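Please examine the model shown below before working through the exercises.

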Amino acid sequence: MKIGVMTGGGDCPGLNAIIEAVVKRAEKYGYEVFGVLRGYAGLINGEIKKLSVEDVHGIFNIGGTIIGTSRVNPFKREDGLQRVKENLSNFGLDALIVIGGDDTLGAAYKLFQQGVSVVGVPKTIDNDLSATDYSLGYMTAVEIIAEAIERLHTTARSHERVMIVEVMGRYAGWLTLMGGLAGGAHIILVPEKPFDIEEVCNIIKQREEKGKRYTIIAVAEGAKPSNIESFITISKERDEFGHVRLGGIAKVLEKEIAQRTGKETRSVVLGHIQRGGAPIAFDRIFGIKLGIFAVDLVKEGKFGYMACLKSTEIVAVKMEEALQQKRVSENLLELTSFFRDT
Ligand code: F6P
């Protein structure tokens, strides 16, 4: 048995833990593993190389992905599907483990529907896939965001400023809510709940009246003021999966808040720092478990399934169900104001 393993979409901490586990589990069964380089680009161009246990030994705690990644969509490339099928056959790959977020796994599901033996593994710091309690990389990103916000408290307090922290997550507020909460942000703005800038300013003023002379705001890149229809973007240009580049909301807020409250205001964009570096212990262990489970799914011939975390167990969920989006639920939204008066 020859298994291809591929990482697609934005990288995240923990991917190498999956890769190490895939290769080591496969070796146990006498299977060979081939790394597909740069996501779907490698599958289209035939950039595929054998991965030995020596190649992957001890990479579980290193950030990024040793096989590279891209946002290439095989269904948006000329003859993409045909070339993917040709390369799978040329390299004799019997199965493909695709590690990705909703875009990469969505394309993987289409490949499955076209007869490719696919197993999916969820990774994205955005945590926006419904069938899994967490996606790989999310917990590490929350940790990074929390630490960054915690650090901002001391400088914000010293200068009696408003500090706005822009957090990734695309259209989901998980990173902002949980990172913001863990970092003690006073105001948390998520895409799931459009906000009124005047109201945000009133909270800052009320805090001021109570002697709380600094305020930390965590804002999701996909959060929107209620009077604005479209997302704030860095670029309207769409990638091969149809996404614009979100970003800029913190700068917009910085200007508005400074003008309306008279408070010194600064904004910080955490950006790709949230995706870089080593995975925390949770994502190392999670990645290893996911990799082992994915190879077992291949062994059982359970294609078209995704490895998902349910409570403490990894279970197989049909890809068509697993690809549903997950947003911050109504009952969690009250956490956005947990530290409002502190
Ligand atoms: O999907 C993961 C993510 O980090 C989003 O939170 C963010 O909007 C996007 O990727 C950034 O993409 P890129 O790495 O292409 O700039």
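Two exercises on the ligand site and the domains follow.

This is a predicted model, in which local features need pLDDT of at least 70, side-chain atom pairs count only at pLDDT 80 or more, and totals for chains, interfaces and linings use all residues. Residues are numbered from 1 along each chain as its sequence is written, and side-chain values use heavy atoms, with hydrogens and water left out.

**Exercise 1.** Describe the surroundings of the ligand.

*Solution.*
Step 1. List the shell, taking residues with a heavy atom within 4 Å of the ligand: R71, I125, D126, M168, G169, R170, E221, H272 and R275.
Step 2. Classify these residues: five are charged (Asp, Glu, Lys or Arg), two are nonpolar (Ala, Val, Leu, Ile, Met, Phe, Trp, Tyr, Cys or Pro), and two are polar (the others, Gly among them).
Step 3. Identify polar contacts, which are pairs of N or O atoms within 3.5 Å. Polar side-chain atoms of R71 and H272 lie 2.9 Å and 3.0 Å, respectively, from an oxygen atom of the ligand. For R275, the distance from a side-chain N or O atom to a ligand oxygen is 2.8 Å.

**Exercise 2.** Locate the ligand relative to the domains.

*Solution.*
Step 1. Divide the chain, by an automatic or database domain assignment, into domain 1 (2–137 + 279–322) and domain 2 (141–276).
Step 2. Relate the domains: their C-alpha centres lie 33 Å apart, and 18 residues of domain 1 contact 15 residues of domain 2 (heavy atoms within 4.5 Å).
Step 3. Place the ligand: both domains give residues to its shell, so the ligand lies between them.

Conventions. Polar contact = N/O pair within 3.5 Å; in protein donor to acceptor, adjacent residues only side chain to side chain.
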